[in-house]
Amino acid sequence: MMSGSPSVDALLDKMGQELSALISQRKIDDPLMIGIHTGGVWLAERLHKQLGLEGPMGVLDISFYRDDFTKMGLNPKVKPSQLPTSTEGRHILLVDDVIMSGRTIRAAMNELFDYGRPASITLITLLDLQRRELPIQADVVGGTLTLGDNQLIKLTGPDPLTLEIRERP
C-alpha cells in the first residue's frame with residue numbers, strides 16, 4: 001500500500017457512500033454494475049456487495065477496443081467480456097481502478113454500445129491521475145494522485161486489495 005495514504009478499503013467505503021447518494025439523487029432503479037478487467041472487476045465486486053445490488057454484475061475486457069491495440073499487441077490474458085444482459089436502456093455503473101488519459105474508458109464505452117444503447121453510464125474509479133487526453137471525467141472518485149513521469153500505480157488483489165507505486169520499466 002502507498003505510505004501515508006488511505007487504504008483501498010477506506011476509499012471504497014467513501015466511494016460506496018457517494019455512489020449510493022448519486023444513485024438515489026438520479027432516481028436510478030436496478031443499475032447494472034460492470035467492472036473493467038481486472039482491477040475494476042475487483043472494485044466492482046466490493047461495491048456491488050456494499051450497495052446490496054441484486055442483479056448480476058458484468059465484466060468487460062476492452063483489449064480489442066483499445067486504440068493502441070496495433071502498437072501493443074494482444075495481451076495474452078485477454079478474456080471475453082461477460083455481460084449478464086443487454087445494455088439497452090440500462091443505467092450502467094462502470095467501474096475501473098485508475099483513470100488517467102481517458103482512453104480505457106473510451107474503449108469501454110465503445111464496447112458497451114455494441115451490446116445496446118444504455119440509458120446512462122456512471123463512471124466510478126478508485127484513483128484519478130489527472131493526465132487526461134480525452135474529455136472523460138469520473139462521477140465518483142476515491143482519490144486523486146500525482147505521480148512522477150517515471151512512476152505508475154498498480155492495484156493488486158483481489159484479496160487484499162492494495163495499491164503499489166512502481167517505477168516504469
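G157 is partly exposed, with a relative accessible area of 34%, and it makes a handy way into this predicted model. The residue belongs to the loop that runs between β6 and β7. In sequence G157 is 114 residues from L43, yet their C-alpha atoms are 9.7 Å apart in space. L43 also takes part in the meeting of α1 with α2, so that pair of helices gets its own section below, since their angle makes α1 oblique to α2.

**The chain as a whole**

- Four helices and seven strands make up the elements of the chain.
- Read from the N terminus, the order of these elements is α-β-α-β-α-β-α-β-β-β-β.
- The chain has 169 residues, and 44% of them are buried.
- Of the contacts between residues at least 6 apart in sequence, 68% join residues at least 24 apart.
- About 9,100 Å² of the chain is exposed, and carbon and sulfur atoms supply 50% of that area.

**Where α1 meets α2**

- Helix α1 covers residues 8-25 and helix α2 covers residues 39-51; their axes come within 10 Å and cross at roughly 55 degrees.
- An angle under 35 degrees would count as roughly parallel and one from 65 to 115 as roughly perpendicular, so α1 is oblique to α2.
- The crossing of α1 past α2 is right-handed.
- On the α1 side, the residues that meet α2 are V8, D9, L12, D13, M15, G16, Q17, L19, S20 and I23.
- On the α2 side, the partners are L43, R46, L47, Q50 and L51.
- Sorted by class, this contact between α1 and α2 holds eight nonpolar, four polar and three charged residues.

**L155 and its surroundings**

- L155 is part of strand β6.
- With a relative accessible area of 4%, L155 is buried, because buried means under 20%.
- L155 and W42 are 113 residues apart in sequence, while 9.4 Å separates them in space from C-alpha to C-alpha.
- W42 is also a contact of L155, as are V8, G39 and L43, when neighbours within four places in sequence are left aside.
- On the same basis, the contacts of L155 also include D97, L126, L161, T162 and L163.
- Two of these contacts, V8 and L43, appear again in the meeting of α1 with α2, V8 in α1 and L43 in α2.

**Cis peptide bonds**

- H37 and T38 are joined by a cis peptide bond, with omega near -5 degrees.
- T38 sits in the loop between β1, residues 32-36, and α2.
- The bond from D159 to P160 is cis as well, and its omega is about 5 degrees.
- P160 is placed in the loop between β6 (151-156) and β7 (162-167), the loop between β6 and β7 being the place of G157 too.

**Positive phi outside glycine**

- D30 has a phi near 50 degrees, a positive value in a residue other than glycine.
- The loop between α1 and β1 is where D30 is found.
- Q130 is not a glycine either, yet its phi is positive at about 55 degrees.
- Look for Q130 in the loop between β4 (120-128) and β5 (140-144).
- Q130 is exposed, because its relative accessible area of 51% is over 50%.

**E88 and its partners**

- E88 lies in the loop between α3 (69-72) and β3 (91-99).
- The C-alpha atoms of E88 and P118 are 4.9 Å apart, although the two residues are 30 apart in sequence.
- Not counting residues up to four places away in sequence, E88 touches Y115, G116 and R117.

Notes. Residues numbered from 1 in each chain as written. Predicted model: local features only at pLDDT ≥ 70, side-chain atom pairs only at ≥ 80, totals over all residues. Heavy atoms only, no water. Axes fitted to C-alpha atoms, helices over the stretch in contact; angles between N-to-C directions. Helix = DSSP H or I, 4+ residues; strand = E, 2+ residues; numbered from the N terminus. Parallel < 35°, antiparallel > 145°, perpendicular 65-115°, else oblique. Left-handed = near helix turned anticlockwise from the far one by under 90°. Contact = heavy atoms within 4.5 Å. Nonpolar A, V, L, I, M, F, W, Y, C, P; charged D, E, K, R; others polar. Buried < 20%, exposed > 50% of the residue type's maximum accessible area, 1.4 Å probe, protein only. Areas by Shrake-Rupley, 256 points an atom, 1.4 Å probe, with all protein chains shown as cover.
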